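Work through the exercises below with the sequence and the coordinates at hand. Each task is followed by a solution that proceeds step by step.

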Amino acid sequence: MSTPQDQISSLLAEHVATGDFPSAVYLVAERGEVVFADALGFAVREPETVPASLETIYDLASLTKPLVTGLLCARRIELGELTLDSSVSHYLPEFDRTDKHMITVRQLLTHTSGLPAWRPLYVLAEGRRDATIAAIANEKLAYGPGTRVLYSDLGFITLGILLERMTRTNFVELASKEIIGPLSLSQTFFNPGISIRNRIAASERGNAYEHETLVEPKSNLPATIRRDNVIWGEVHDGNAYFLGGAAGHAGLFSTARETLRLAQQFVAPGTQLLRPESCALFQTNMTDGLNEARSLGWQLAQTKDSTAGASLAPDSFGHTGFTGTSCWIDAGKERAFILLSNRTHARSLPFANINSVRRQFHTLAVEALDQVRKP
């Protein structure tokens, strides 16, 4: 007879077998306690084979947005250094222009600034990191600020630069000083380095997906961004790679267990880095009436077709990463659902859309938790 955990593992093993992703590591926790966890498949299939384990380190991709940038912003708000409804141009004069001077910090954090979703900054900034914010400010808005949710990497890259300017501290150093160090995270970092590559899940070969979207021929890309090898042990995202391996939108690497430690910081009473009352910011719908329900740095489960699925409470909040990662939190029940995969690895385009897998994972995980918690 199968156990609740067997059903979760079987779901993911099925998708490993069909090639949707070569590996999956999951962790389901309640009140900070890990209840279910498993690792399936191979973290690396080429150029060699490395089995996945609960200690495999994944490129978390856009989970960087809430787990680092959102958390750092919440800390600045607590300290009174950052105000949600202040104009971004107050902190970044490059935004002091007709179409952008009214964009607020809140709008960047809720993806309602109107900034485009993505642009190849390694092309637009002409290979100069210090020209990045000017390149973003030069972009035409896709929508009027505050009128629509448009998920934007550019918005969180802007927040990362804003934090650097405000604190006069490099983004990686700031994350290390205020998050990674205080939480004693030993398997969480940016730019992990070649020495631990065999512990890291690999990504795609040559960033083909991103390069397919470029107008510029690949041969015209800066030499520092052209990658034809299997991306393994370095950040997958091209803009983060250009920005030194770390930015406000991507670049964080971690294990499932340490991702849980980060997730706990958004839930009272489990948080160590924020005041418990600040956790309400992550459950509050700040985009009421718009096309998505967004809180500070997170999407809410009440969003139509969110990857939360129907089993999580409407005020649960979560995020996904392009590489195949996700983290959802039901703060009311103090539950966290971590699913890490590397769907871009050892697969030709198009990559599998795994949103339905994420929803099924949450459904099975909630059923399993409810079953083992029955009196």
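**Exercise 1.** In this predicted model, determine which residue of E9 stands opposite Ala29, and place that contact in the pairing of the strands.

*Solution.* Begin with the residue itself: Ala29 stands opposite Ala336 in E9. Next, look along the strands, where E1 (residues 23–30) and E9 are paired in the antiparallel sense over seven bridges. A further position to check is Val25, whose bridge partner in E9 is Leu340. Then turn to strand E8 (residues 325–330), which runs antiparallel to E9 and is joined to it by six bridges; here Cys327 has Ile338 of E9 as its bridge partner. Finally, inspect the connection: E8 and E9 form a hairpin with four residues between them, and Glu334 in the turn has a positive phi of about 55 degrees.

**Exercise 2.** Establish the order of the strands in the open sheet, and decide which strands stand at the edges.

*Solution.* Tracing the pairings across the open sheet gives seven strands in the order E3-E2-E1-E9-E8-E7-E6, with antiparallel pairing. At the edges stand E3 (50–51) and E6 (299–300), each of which has a single partner strand, so one side of each is left without a neighbour in the sheet. Helix H11 (residues 355–372) packs on the sheet, where it touches E1, E2, E7 (317–321), E8 and E9, and its direction makes about 140 degrees with that of E9.

**Exercise 3.** Is strand E9 buried or exposed, and what does this imply for its two faces?

*Solution.* Take the faces one at a time, with buried meaning under 20% relative accessible area. On one side Arg335, Phe337, Leu339 and Ser341 are buried, and on the other Ala336, Ile338 and Leu340 are buried as well, which leaves both faces covered. Seven of the seven residues of E9 (residues 335–341) are thus buried, so the strand is largely enclosed by the rest of the structure. Helix H10 (residues 256–263) lies across E1, E2 (33–44), E8 and E9, and runs at about 140 degrees to E9.

**Exercise 4.** Classify the aromatic pair of Phe266 and Trp298, and state why it links separate parts of the sequence.

*Solution.* A search of the whole structure yields nine aromatic pairs. One of them joins Phe266 and Trp298, with 5.1 Å centre to centre and 85 degrees between the planes, which makes the pair edge-to-face. Both residues lie in the loop between H10 and E6, so the pair ties together parts that are 32 residues apart in sequence. Phe266 and Trp298 are each buried, and together with Phe282 and Phe317 they form one aromatic cluster.

Technical notes: Residues numbered from 1 in each chain as written. Predicted model: local features only at pLDDT ≥ 70, side-chain atom pairs only at ≥ 80, totals over all residues. Heavy atoms only, no water. Buried < 20%, exposed > 50% of the residue type's maximum accessible area, 1.4 Å probe, protein only. Pairing = 2+ DSSP bridges. Contact = heavy atoms within 4.5 Å. Axes fitted to C-alpha atoms, helices over the stretch in contact; angles between N-to-C directions. Phe/Tyr/Trp six-rings, centres within 6.5 Å; stacked < 30°, edge-to-face > 60°.
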